[in-house]
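Here's a quick tour of this model, from its outer surface to its inside. Have the viewer open as you read.

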Amino acid sequence: MDKFRAVMNLVQKRQTTLGFGLIPLLTAGAEHVFSTFAFKCPCSEWSFLYGTVSLLVPAAALLILGYMLSNKTWKLFTGLCLNKSKLCRFKYMCGCLGVFLQITMTAMVAPVSWMAIALLNGVYFECIITGLNFTHLNSFLCHGRSDSCQIELHKLPCDKTAADRDAILTTIRAQSQVLGWLVIASIMLVSLLLTCVARCNSPVSYLQLKFWKAYSQKESNCFDSYATKHAEKLAERNIKSFFEMEIPESQATPSRYAWEKISRFYKFRTMDKYYSTVHKYVETCKNPENPIRILSTKSGNISNPAALDFVDEGTMML
């Protein structure tokens, strides 16, 4: 039991790292299944379109899924259209754009993994290149071969008896794998550079940043657990009052304004000592029953230093 608890503690501590490691693995498995059982190059004038769609559309779908599974996406867009006065502020819109770019960087993990693995596989690229009616490319692939090579090029993925088939497809697959490795190397290099830049501009030290991440994860877990228990108690009270036809017992529940305050994006300020919007709310609200008279409703730029982009993410929705 102690060993199992230790494993669970490790998973909770490394949830984000494990999540980003699990996404490429799941993507690789999905790509292997699709390329093996579903992908069939038509070997006709449809080859280029079919191969391109098979390569790019799943990546786009994974990108959209990444947006949908991010807590930040819904935190950003929930109620945004109702705050028309904020939408007219240039500074606020720049902050929203900054947050959206942070969401995009996280959501890009799965689609980039799909494209890199698909290029390493090579079957999509074979279908695309053989179906691409481009004279210079066809001349390069068929250089020194028979006159019918360029005419029959689109049939090569299907016709296993064609002359020079293996040599041409090997060349195309080699090009595809080179592109795949270049994509992987480029993404890793860009990620490293962005991480270095974010850490170089971090407003807090390494150990405080480490503590902050641990606090954010624990706060998210505690909030989900406590909210579920509180909702269950409130539901039981209401159902009991309905069936037993009694006046319900008094049960404190945060006001709509309080929910709105803690649902806003965290904004880092050097003079503050708060680690989240919940932390700031409980520290500054002196009258929880009537917080609107105490707390200001002003809202400015919502962008934060890149090193603190984890604050509003909470638990990864995997």
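Accessible area here is what a 1.4 Å probe gives by the Shrake-Rupley method. On that basis the protein exposes about 20,800 Å², with carbon and sulfur atoms supplying 66% of it. Keep in mind that this is a predicted model. Of its 318 residues, 32% are buried.

The secondary structure is easy to sum up: 13 helices and zero strands. As for contacts with a separation of 6 or more, 71% are between residues 24 or more positions apart.

Now for the inside. The largest nonpolar core has 12 residues, including L119, F125, C149 and I172. Three helices give two or more residues to this core: α8, α9 and α10. Of these, α10 gives the most, with three residues. L153, one of the core residues, is in contact with T130, N138, L141, C142 and I168, leaving aside its neighbours within four places in sequence. Apart from this core lies another one of 10 residues, with F39, C41, A59 and W114 among them.

Here are the helices that come up in this report, with their spans:

| Helix | Residues |
|---|---|
| α8 | 123-131 |
| α9 | 135-141 |
| α10 | 165-200 |
| α11 | 206-244 |
| α12 | 256-263 |
| α13 | 277-284 |

And what does α13 pack against? Its buried residues pack against α11 and α12. Those buried residues are T277, H279 and Y281. At the N-terminal end of α13, S276 acts as the cap, with a side-chain oxygen 3.5 Å from the backbone nitrogen of V278.

Key: Residues numbered from 1 in each chain as written. Predicted model: local features only at pLDDT ≥ 70, side-chain atom pairs only at ≥ 80, totals over all residues. Heavy atoms only, no water. Buried < 20%, exposed > 50% of the residue type's maximum accessible area, 1.4 Å probe, protein only. Helix = DSSP H or I, 4+ residues; strand = E, 2+ residues; numbered from the N terminus. Contact = heavy atoms within 4.5 Å. Polar contact = N/O pair within 3.5 Å; in protein donor to acceptor, adjacent residues only side chain to side chain. Core = buried A, V, L, I, M, F, W, Y, C linked by side-chain atoms within 4.5 Å.
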